[in-house]
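Biologist: Please take a close look at one part of this model, the surroundings of the ligand, and then set that part beside other details of the chains. I would like to follow the reasoning wherever a cut-off decides how a residue is described.

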Amino acid sequence: MSAAEEVVTEAPAVEAVPKRAMTLGYGTSLVVLAALILTPLFVKNFVIFQMTMLLIYGLAVLALNILTGGSGQFSLGQSAFYAIGAYTTAILMEHFNVNYALTLPVAGVICFGAGFLFGQPALRLSGIYLALATFALALAMPQLLKLGFLEHWTGGVQGLVVTKPDAPFGLPLSQDMWLYYFTLAVSIGIYIASVNLLRSRSGRALMSIRDNEIAASAMGVNVALYKTLAFGVSAGITGIAGGLGAIAVQFVAPDGYTITLAISLFVGMVVGGVGWLPGSIVGSAFIIFVPNIAEGISKGLSGAVFGVLLFLVIYLVPHGARQVALVAQQLTAKLKRN
Amino acid sequence: MTQAQLAQGHAPLLAVRDVSVVFGGIIALNGVSFDMHQGQILGLIGPNGAGKTTLFNCLSRLYQPSSGDILMEGVSILTRPPHKIAEIGIGRTFQNVALFPNLSVLDNVRVGTHARTSSDIISDSLKLAWIRRTEASVNKKVHEILDYLDLEDVAHSIVSGLPFGTQKRVELARALAADPKILLLDEPAGGLNHEEVYVLGDLVRKIRDERRITVLLVEHHMGMVMSTADHVVALNFGRKLAEGTPSQVQADPDVIKAYLGSKDQ
Ligand SMILES: Nc1ncnc2c1ncn2[C@@H]1O[C@H](COP(=O)(O)OP(=O)(O)O)[C@@H](O)[C@H]1O
Ligand SMILES: [Mg+2]
């Protein structure tokens, strides 16, 4: 009995390290999940709204993480896919009366297509050139959304107002609370699917491309196909995040989706740890809350304060939250041993 | 042996026909031809710059020959893209180890099975039952190979932290995971010490004997090629200098001259 127990407790210690390289252990996941489920019960509606945004930006950072951390491709154009998703949801809800939940898969599929197509020319570019091409996409998107002949659908410069949904089945939840739990369910689903994807044959193909394209292709990996698929998947998830964002903010307008958003998501990815999926939510928290903190420190110099804080984080923990988590893991292991 | 079996045995598994490769002004390969037969270990030797790696890169479809043809089981490979070479049974290692440095040994070898398995991103994301079955069989095969090459102890290690000799074995494991008919080894002894080189030679023969894999061995360590290969082709300045049994090639005056004329051996 005790021998069997020993085997059970000993076994994961060997297995655990590499398997967790991209994800969290079960224990930690459960704690995080419990916190995400329980916190809204004790806070004000505005905080619940902020938590919804935390999840939404977390999804967008996760999407970028799959692209950059997974396949090694850079993007400063994620705001464009976020915008396409947001407008898809807004247009379907407001012009066609489609149920908000049903607009999300549509936004995902449309953005997957857009990302996959964008990935084709991007195949010829690498590193900083790819970053520049995606940057151009981000610059163009707000102007494309203002185009006159699309105005009937997009609302032009004014944008569109989106109706916030009520909780279904007469559940006694506020709109904010319901939307939070809805977003949480979508986020958990996407997170689990992303973890599955990165641990699968496709995920290994992506990472092999990131590490060595020539060797990957000698192993039979269709480099062009997987690179464009990575763009598609990343754009698809970003589009779903955009759709959720439109519902949460109850408004879409071209100037909500500028290059600033794309850069924020990039910052979120770096702060969370490139290639470490759970870090996405930490990165998201950074880009949502640190600007507020910076503003609290100095209204006039909030940008500069944000810059200094960002610099400190990058300087102290260049691998972001992933590094902090690793150190914490080692510390608890040490404490347990003593 | 019946006539048919004889004919089978004599049809080359891989035929290199009059292959030339030109880079700008440099003729890296100049009308090279030779055949490889099932079960052979063919040693390809030649001083630095002779064109050995260039020939490998033609076989992997990384370089396009300017003329000539390469036939695998009688069919030209020159219309295939590089990622469709593994599936016809040509596997390789690289002269300067080309592993996936941030992946574990297990994952590196798992990528080796890519050409022998199939999946799509939806099924992978949902971890459907058939994906779980494929993964189980991949894991079984990968562990068998890790065991075969004595790599189980480092299975979970990230490869970039491993010693060079171990990384070379991981690369071999990755190549074996694709069930190749022909294994191309580009200077596998490079960076190994004297004893390791002969252990490796034995391993190459063992792989040929036990896994029935034909081997094209590029080496500039003469001793290893002569003790491991059944048949040797010598290149110099992109041309075939000599071909025959190890002792024939070793005694060839042109080969002796080429090797004496170059500092490295
Ligand atoms: N990609 C390339 N571009 C230009 N020249 C090359 C390239 N690859 C190889 N060469 C040249 O081709 C010749 C043969 O090189 P290589 O095949 O690497 O020789 P070996 O592997 O026998 O040492 C050398 O002169 C080398 O400089
Ligand atoms: Mg070479």
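Modeller: Helices and strands are taken here as DSSP runs, a helix being a run of H or I with at least four residues and a strand a run of E with at least two, and both are numbered from the N terminus. What follows describes a predicted model. With that naming in place, B:Asp18 is found in strand β1 of chain B, which covers residues 14-23. Its phi is near 55°, a positive value in a residue other than glycine. B:Asp18 counts as partly exposed because its relative accessibility is 47%, and the class of partly exposed residues lies between the cut-offs of under 20% for buried and over 50% for exposed.

Now to the ligand itself. The residues around ligand 1 are B:Phe23, B:Ile26, B:Ala28, B:Pro47, B:Asn48, B:Gly49, B:Ala50, B:Gly51, B:Lys52, B:Thr53, B:Thr54 and B:Tyr63. Sorted by class, this shell holds six nonpolar residues, five polar ones and one charged one. Three of the residues in the shell can be described through their polar atoms. In B:Asn48, an N or O atom of the side chain is 3.5 Å from an oxygen atom of ligand 1. In B:Ala50 the partner is a backbone N or O atom, which lies 3.2 Å from an oxygen atom of the ligand. In B:Thr54 a polar side-chain atom comes to 2.5 Å from an oxygen atom of ligand 1. Ligand 1 taken alone would expose 550 Å², and the protein buries 65% of that area. Two elements of chain B, β2 (26-36) and α2 (52-59), give two or more residues each to the shell. Of these, α2(B) supplies the largest share, namely three residues.

Elsewhere in chain B, a second residue resembles B:Asp18 in its backbone, since B:Glu73 also has a positive phi, of about 50°, although it is not a glycine. B:Glu73 is placed in the loop between β4 (67-72) and β5 (75-76) of chain B. With 44% relative accessibility, B:Glu73 counts as partly exposed. Another loop of chain B, the one between β7 (182-186) and α7 (194-211), contains B:Gly191. A relative accessible area of 68% is the reason why B:Gly191 is exposed. The C-alpha atom of B:Gly191 is 9.7 Å in space from that of B:Lys168, while 23 residues separate the two in sequence.

The charged side chains deserve a separate look. Side chains of opposite charge can pair when their charged atoms come close. Over all chains, a search of the whole structure finds 16 salt bridges. In chain B, B:Arg208 and B:Asp209 form one of them, at 2.8 Å from N to O. These two also belong to a network of salt bridges that links B:Arg205, B:Arg208, B:Asp209 and B:Asp230. B:Arg208 counts as buried because its relative accessibility is 12%. B:Glu243 and B:Lys240 make another salt bridge, in which the closest N and O atoms are 2.6 Å apart. Here B:Glu243 is partly exposed at 33% relative accessibility, and B:Lys240 is partly exposed at 34%.

In chain A, a salt bridge joins the side chains of A:Lys227 and A:Glu213, again described from N to O, at 2.8 Å. The pair links distant parts of the chain, with A:Lys227 in helix α11 (residues 223-249) and A:Glu213 in helix α10 (residues 213-218), 14 residues apart. A:Lys227 counts as buried at 8% relative accessibility, whereas A:Glu213 is partly exposed, with a relative accessible area of 37%.

Two further places in chain A complete the account. A nonpolar patch on the surface is formed by A:Val308, A:Phe311, A:Leu312, A:Tyr315 and A:Leu316, which together have about 590 Å² of accessible area. One of its members, A:Tyr315, sits in helix α14 (residues 302-316) of chain A and counts as exposed because its relative accessibility is 62%. By contrast, A:Val61, in helix α3 (residues 45-71) of chain A, is buried, with a relative accessible area of 0%. Between the C-alpha atoms of A:Val61 and A:Ile214, which are 153 residues apart along the chain, the separation is 28 Å.

Note on methods: Residues are numbered from 1 along each chain as its sequence is written. Chains are lettered from A and ligands numbered from 1 in the order in which they are written. This is a predicted model: local features need pLDDT of at least 70, side-chain atom pairs count only at pLDDT 80 or more; totals for chains, interfaces and linings use all residues. Side-chain values use heavy atoms; hydrogens and water are left out. A residue is near a molecule or strand if one of its heavy atoms lies within 4 Å of it. A polar contact is a pair of N or O atoms within 3.5 Å; within protein, one must be able to donate a hydrogen and the other to accept it, and residues adjacent in sequence count only if both atoms are side-chain atoms. Accessible areas come from the Shrake-Rupley method with a 1.4 Å probe; for residues, only the protein chains shown count as cover. Ala, Val, Leu, Ile, Met, Phe, Trp, Tyr, Cys and Pro count as nonpolar, Asp, Glu, Lys and Arg as charged, and the others, Gly among them, as polar. Patches are made of residues with over 30% relative accessible area and no salt bridge: like charges are joined within 9 Å, nonpolar side chains (Val, Leu, Ile, Met, Phe, Trp, Tyr) within 5 Å. A salt bridge is a side-chain nitrogen of Lys or Arg within 4 Å of a carboxyl oxygen of Asp or Glu. Buried means under 20% relative accessible area, exposed over 50%, partly exposed in between (1.4 Å probe, protein chains only).
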